[in-house]
Amino acid sequence: MSENRKPLTVITAWNRLDLTKRMLTSLEPSLHALQTVIVDNGSDHEAIEWLAQWARHKDVELIALPRNAGCPRALNLALAHRQPGQALIKLDNDVILPDNAGWVYGVERLVRGYGEGTGATKHPVAMVSAYYSTFTEDRIKARLTWEFEDLYAVYPVIGHAVYHSGPFMDEVGYFDVLAPEHLYGFEDNIMSTKAALMGWLLFVWKGWRVQDIQRSSALKGRDEHVDAMRPLYNRRVAAFRNGVSFYTGPDGYPAKRPSL
C-alpha cells in the first residue's frame with residue numbers, strides 16, 4: 001500500500017438504511033485493510049442510531065452532520081483525516097463489495113505496477129473504478145489486461161466505488177464544490193478531467209467487481225439539481241483548461257497547492 005498506509009475509505013450516507021446496512025455488512029471482511037470513515041448527511045434518528053452502534057463495534061469513525069451538506073463537502077470533511085501519500089477510496093452506500101480484502105491489495109498492485117514501470121511503461125495512475133454490471137463501454141479508450149482480468153482505460157471514471165491514488169490526491173487535494181447549494185453530481189467528472197489534463201491514467205478493472213443495489217436516488221429532484229449545476233461544472237472545467245490550479249482546498253474551491 002502507498003507508503004504502508006491503509007487507504008482512507010469514505011462512505012457518504014443519507015437515509016436508505018436498508019441499503020446502507022447491506023453495503024456495510026459486505027465491507028466488514030475488508031475493514032482490517034482500510035481506514036474507514038462514514039459521513040452521514042443528516043439522516044433520520046433510526047439511521048443515525050444504527051450507524052453509531054455499527055461504527056463503535058467495528059472501530060470505524062462516524063461523522064454525523066445535522067443536515068445534508070452534499071457529497072463533495074461530506075467527502076472533504078473526511079479528507080481532513082488523509083495523510084500525504086495516502087490513497088482514497090470513495091464508496092457509495094448502495095454497493096455490495098467482494099467478500100474478502102483481496103480487491104484492496106489487487107488495486108494497490110495495479111496502481112503500483114503502472115507507476116513503477118520504466119520508460120514508456122511508466123504511467124502514474126489517478127483513479128481506478130470497480131467494475132459493475134451497468135458499466136457502459138462508450139467511455140473505453142483502450143482494452144488491456146491486469147492479473148488475468150480485463151482492464152479498461154476510460155474517460156471519464158464514473159463509478160460506485162473509486163480508488164484515488166495517494167500521489168494523485170496530493171496533487172488535487174479535495175473535491176470541488178461548485179456553489180453553496182451544490183449537493184450532488186460531477187465529483188468523478190471533475191477528478192477525471194484533472195487527471196486527463198495531468199496525463200494520468202484512469203481505469204476500470206474487472207478484478208474489482210461490485211454489485212450495484214441502488215433502486216432509486218436518495219435525492220429528490222436529482223436530475224433537476226444536476227442540470228442546474230451543469231453550467232457551473234462547465235465553467236469550472238474551462239477554468240482548469242485555462243490554467244487554474246488543479247489543487248482544490250478544503251472549502252471545495254481552487255487554491256494554491258501547499259508544500260508537502
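Which residues is histidine 160 in contact with, leaving aside its neighbours within four places in sequence? In this predicted model, the contacts of histidine 160 beyond that window are made with Lys90, Leu91, Asp92, Val95, Tyr132, Thr134 and Asp212. With one of these residues, aspartate 212, the side chain of histidine 160 forms a polar contact of 3.5 Å. Histidine 160 is located in the loop that runs between strand S8 (149–154) and strand S9 (161–164). Its relative accessibility is 14%, and histidine 160 is therefore classed as buried, the cut-off being under 20%.

The strands on either side of this loop belong to an open sheet of nine strands, arranged in the order S3-S2-S1-S4-S9-S6-S10-S8-S7 with mixed pairing. Strand S3 (61–65) and strand S7 (140–146) form the edges, each pairing on one side only. From one strand to the next, the twist averages 20°. At the S3 edge, strand S2 (residues 35–41) pairs with S3 in the parallel sense, over five bridges. Isoleucine 38 is positioned opposite leucine 62, a residue of S3.

Two helices that lie across strands of this sheet were also examined. Helix H1 (residues 17–27) lies across strand S1 (8–13), S2 and strand S4 (88–91), and runs at about 165° to S1. Helix H3 (residues 71–79) runs at about 145° to S1 and lies across S1, S2, S3 and S4.

Notes:
Residues numbered from 1 in each chain as written. Predicted model: local features only at pLDDT ≥ 70, side-chain atom pairs only at ≥ 80, totals over all residues. Heavy atoms only, no water. Helix = DSSP H or I, 4+ residues; strand = E, 2+ residues; numbered from the N terminus. Buried < 20%, exposed > 50% of the residue type's maximum accessible area, 1.4 Å probe, protein only. Polar contact = N/O pair within 3.5 Å; in protein donor to acceptor, adjacent residues only side chain to side chain. Contact = heavy atoms within 4.5 Å. Pairing = 2+ DSSP bridges. Axes fitted to C-alpha atoms, helices over the stretch in contact; angles between N-to-C directions.
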